[in-house]
Amino acid sequence: MNIVFGDAKSFHKHLLKFCAQSGTVVEANGVHCVIHHSQYASYNLQKAFETVVNDTEFDPRKNQDQDSEDDDITVSVKYSELTAAVEKLPFCFGETSDLRYHYTNREYFSPRNIERAARTLNTAYLHDGELSAVYSSKRIEPSATTREEAIAELFTVMNAKQATMDSTFQFGVIGGFEQSSDDDDSMPDNGFNHSEIVYAIQDTIGQLHGETTLSQPNPSLHVTRAIFNIYDEIGMKISVRGVYGFFVNTVGAEYYEPDDADGRERSTSMGRITASMMRGNNDSIERWASDDEPPLESLDSYTDS
Amino acid sequence: MYENETESVGYAECEHCSIRTEVYLTKHGLRCETCKNNQPEPIATYTPDVRDYVDTRGEEMAENIEAFKDELPEIGFDIELEDGSVYEMDKMESHALLMKHGENWKQFIPAFIEHVAKHFDDQTEPTKFSMNADWGTSNHEKSQSAYETHAELAPVVVYPALRAAKMQLSLMAMNGPPTEDETSDDNSTPSVIGMGDSELNVYSKHGRITVDHSILEQEGTDMDDIDFFGENGGDEE
């Protein structure tokens, strides 16, 4: 949907209507569960859910390593059972998938995506919601009491990751390519640090609303206005799908924290090394302000004293 | 709820009770029929410390002004205007007049009477920026589309002349009584002005200062000496 929103209130209504489409009820073995963010599921949710429930023994709540002497091998086997089951579905990409089916039905499902989601959810269950030591804030707090509910959570996480990718991709921070233009409102204006933009959006949502990976987001006008103002500030057209992914992100703002001085120093050093290797000399990649300026070595006497 | 959005937008979790049911669009998010008019608690804000903050400064200032008015000496001018009606200048305006014109207050009053008569005859009233606004257009709270006596027009005419002095008095009043630190300052403002038969008295913590204004009672004082509305035709900010 290509809409130019004149104000935050108009955008808020469309965002809420989109959020209302989040939950889809699925059923297996007589148990009804809700899978969220189903707007991002370009496949038959009911069929995929049934397949994972009935054709595998995978349970995201259990430690996948517990029956193994060699953890790596067991984990690999458990997740491969999951991916092997879904690969039989007609809408799943695989070695034997029918491309004509994807083209005709517009249904796509990547086994790698469900494996990534399964690892994330399993980590959340085993570490009480803490997904990693670095980004230790609890972004996902799974609470399934049955295996079916846990598998519904698995699909919710998978959809959430897809939504997040759609939202962050436009800034090119993780994957993609950073693009800026003062004329094109599909990208930020020149001069903005993209990491700072994503950090600002994610932090604002985290502070005012909170990341809701496992449930449907429900932003107020106040939150939406704050996000609208950020997009307005960076000269970029706001879109419902562009924002939704930040609400359901599995990681917090810390993940996008812009480089600090040490990080920039390291990247500059790497740049120097790369440049010198390519050009075959040891000149700095930083240009002199003036050709008449003395070389850096001549100033050593000042620094040594 | 948003105006003109009375229809449900589908089944989803209510923002307030978290039950999955039929929901409606509201400013607070998707709400069910039961919760759609409930206010969120607490109100979302970036600064949680100010959630319970109650600003009492307005009330304190209002109390200070009342106390300041009570402390002012009972000075008021009853001015008989050209048509025989009497304008009773209130206490704050009288003190503002004395503050601004000091010992020239006796020259101000005939000038003021003349200005009121002129505005009445021309059917105009002064504003902050103009001397010739039509009746009822000066935005003064007592401005009317028609006046029967000079006394009705008088408060509108006197306001631009004493505006800055009244503001200064009000600022002094709002700040309340000086604190110990402020009273230790040698340049603290005198707080009481008094009038005798032939002198003005200023009462401060250092005692009474008397200024003889008998010289002003001399006959033939030229009214043009009075800068009624200031040099620029209006009062200074």
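This is a short talk on a two-chain model, taking chain A, then chain B, then the contact they share.

Okay, before anything else: what you see on the screen is a predicted model. Keep that in mind for everything I say.

Let's start with chain A. It has 305 residues, and 37% of them count as buried. In terms of secondary structure, we have 11 helices and two strands. If you walk along from the N terminus, you get one helix, then the two strands, and after that it's helices to the end: α-β-β-α-α-α-α-α-α-α-α-α-α. And what about the contacts inside chain A? Taking those with a separation of 6 or more, 66% are between residues 24 or more positions apart.

Now, two helix pairs I'd like to go through, and helix 6 of chain A is in both. As a reminder, we describe two packed helices by the angle between their axes and the distance between the axes.

First pair: helix 2, residues 45-55, with helix 6, residues 147-169, both in chain A. Their axes come within 10 Å and cross at roughly 130°. Since angles over 145 degrees would count as roughly antiparallel and 65 to 115 as roughly perpendicular, that makes helix 2 of chain A oblique to helix 6 of chain A. As for handedness, this crossing is right-handed. So who's touching whom? From helix 2 of chain A we have Leu45(A), Ala48(A), Phe49(A), Val52(A) and Val53(A), and across from them in helix 6 of chain A sit Glu148(A), Ile151(A), Ala152(A) and Phe155(A). By class, that's eight nonpolar residues, no polar ones and one charged.

Second pair: helix 6 of chain A again, this time with helix 9, residues 240-247. Here the axes come within 7 Å, and the crossing angle is roughly 120°. These two helices are therefore oblique to each other as well. This crossing, though, is left-handed. On the helix 6 side, the residues are Ala163(A), Thr164(A), Asp166(A), Ser167(A) and Thr168(A). They meet Arg241(A), Gly242(A), Val243(A), Tyr244(A), Gly245(A) and Phe246(A) in helix 9 of chain A. The class count for this contact is four nonpolar, five polar and two charged.

Right, on to chain B. I'll take its strands in order. Strand 1, residues 10-13, and strand 2, residues 20-26, run antiparallel and are joined by four bridges. If you want one position to click on, Tyr11(B) stands opposite Glu22(B) in strand 2. This hairpin has six residues between the strands, and in it Ser18(B) takes a positive phi near 60°.

Strand 2 of chain B also pairs with strand 3, residues 29-32, again antiparallel and again with four bridges. Which residue in strand 3 is the bridge partner of Val23(B)? That's Cys32(B). The hairpin that links strand 2 to strand 3 in chain B goes through two residues.

Last bit: how do the chains meet? The contact takes 19 residues from chain A and 17 from chain B. On the chain A side, helix 1 (8-19), helix 7 (194-208) and helix 8 (221-233) each supply at least two residues. Helix 1 of chain A gives the most, with four. And by class, the side of chain A that touches chain B has eight nonpolar, nine polar and two charged residues.

That's it from me, happy to take questions.

Notes
Residues are numbered from 1 along each chain as its sequence is written. Chains are lettered from A and ligands numbered from 1 in the order in which they are written. This is a predicted model: local features need pLDDT of at least 70, side-chain atom pairs count only at pLDDT 80 or more; totals for chains, interfaces and linings use all residues. Two strands pair if DSSP finds at least two bridges between them. Two residues are in contact if their C-beta atoms, placed from the backbone, lie within 7 Å. Ala, Val, Leu, Ile, Met, Phe, Trp, Tyr, Cys and Pro count as nonpolar, Asp, Glu, Lys and Arg as charged, and the others, Gly among them, as polar. A residue is buried if 20 or more other C-beta atoms lie within 10 Å of its own, exposed if 12 or fewer, and partly exposed in between; C-beta atoms are placed from the backbone. Axes are lines fitted to C-alpha atoms, for helices over the stretch in contact, and angles run from 0 to 180 degrees between N-to-C directions. Angles under 35 degrees count as roughly parallel, over 145 as roughly antiparallel, 65 to 115 as roughly perpendicular and the rest as oblique. A crossing is left-handed if the near helix is turned anticlockwise from the far one by less than a right angle, and right-handed if clockwise.
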